[in-house]
Amino acid sequence: MSMSREEIFNIVKENLIDALGVDDDEVTGEATIMGDLGAESIDFLDIIFRLEKAFDIKVPREELYPDNLLNNETLVKDGKVTEAGLAELKSKMPHVDFADFESDPDINKISDLFTVNSIVSFVENKLKG
């Protein structure tokens, strides 16, 4: 299935509006899923289910958002993601833009990496196979 990034964005947007009950104008490319759109852990299951149906893809949760890394003390030290942790995140999440996070890899800011654009990029990569 060949789709433009804009088509993917519009489908992702519709699914986020339905899953999170947010307004149309809140779902911008830069909007963070948790901070701006108010998603909680349980919402991710719904979002993933909706994306799988909408795009006919399989989405293992750890591919979209590998949260188990944060418990590894070689990857996180003193509340900051280490160089090794950053490398691990980048390899597991090629759909995410780490530019801002790299300057201050505070563990509390990790959810800010998860934006509408990162989901669109993830789906785009999945569709390319």
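The following exercises, each with a worked solution, concern the predicted model shown above.

Residues are numbered from 1 along each chain as its sequence is written, and side-chain values use heavy atoms, with hydrogens and water left out. Because the model is predicted, local features need pLDDT of at least 70 and side-chain atom pairs count only at pLDDT 80 or more, while totals for chains, interfaces and linings use all residues.

**Exercise 1. Helix α2**

Determine what span is expected for helix α2, and which of its residues are buried.

Solution. Helices (H or I, at least four residues) and strands (E, at least two) are DSSP runs, numbered from the N terminus. Helix α2 covers residues 41-55, which is 15 residues. The expected span is 1.5 Å times one less than the number of residues, so 21 Å is predicted for α2. The end C-alpha atoms of α2 are 22 Å apart, in agreement with that value.

For the second part, buried means under 20% relative accessible area, exposed over 50%, and partly exposed in between (1.4 Å probe, protein chains only). The buried residues of α2 are D43, F44, I47, I48, L51, E52 and F55. An α-helix has 3.6 residues a turn, so residues three or four places apart point the same way.

**Exercise 2. Positive phi angles**

Locate D56 and D78, and state what value phi takes in each.

Solution. D56 comes just after α2, in the loop between α2 and α3 (61-64). Its phi is near 55°, a positive value in a residue other than glycine. D56 counts as exposed because its relative accessible area is 69%.

D78 lies in the loop between β1 (76-77) and β2 (80-81). Phi of D78 is near 50°, again positive in a residue other than glycine. With a relative accessible area of 71%, D78 is exposed.

**Exercise 3. Salt bridges**

State how many salt bridges the structure holds, and examine the pairs formed by E52, E102 and K109.

Solution. A salt bridge is a side-chain nitrogen of Lys or Arg within 4 Å of a carboxyl oxygen of Asp or Glu. A search of the whole structure finds eight.

1. E52 pairs with K58 at 3.2 Å, N to O. E52 is buried, at 17% relative accessible area, whereas K58 is exposed at 63%.
2. E102 pairs with K90 at 2.7 Å, N to O. This pair links distant parts of the chain, 12 residues apart: E102 is in helix α5 (residues 99-103) and K90 in helix α4 (residues 83-92). E102 is partly exposed at 39%, and K90 is partly exposed at 35%.
3. K109 pairs with D104, the closest N and O atoms being 2.5 Å apart. Salt bridges that share partners join K80, D104 and K109 into one network. K109 is partly exposed at 35%, as is D104 at 24%.

**Exercise 4. A contact across the sequence**

Find how far S121 is from F9 in sequence and in space.

Solution. S121 is placed in helix α6 (residues 116-128). S121 and F9 are 112 residues apart in sequence, yet their C-alpha atoms are 9.0 Å apart in space. At 16% relative accessibility, S121 counts as buried.
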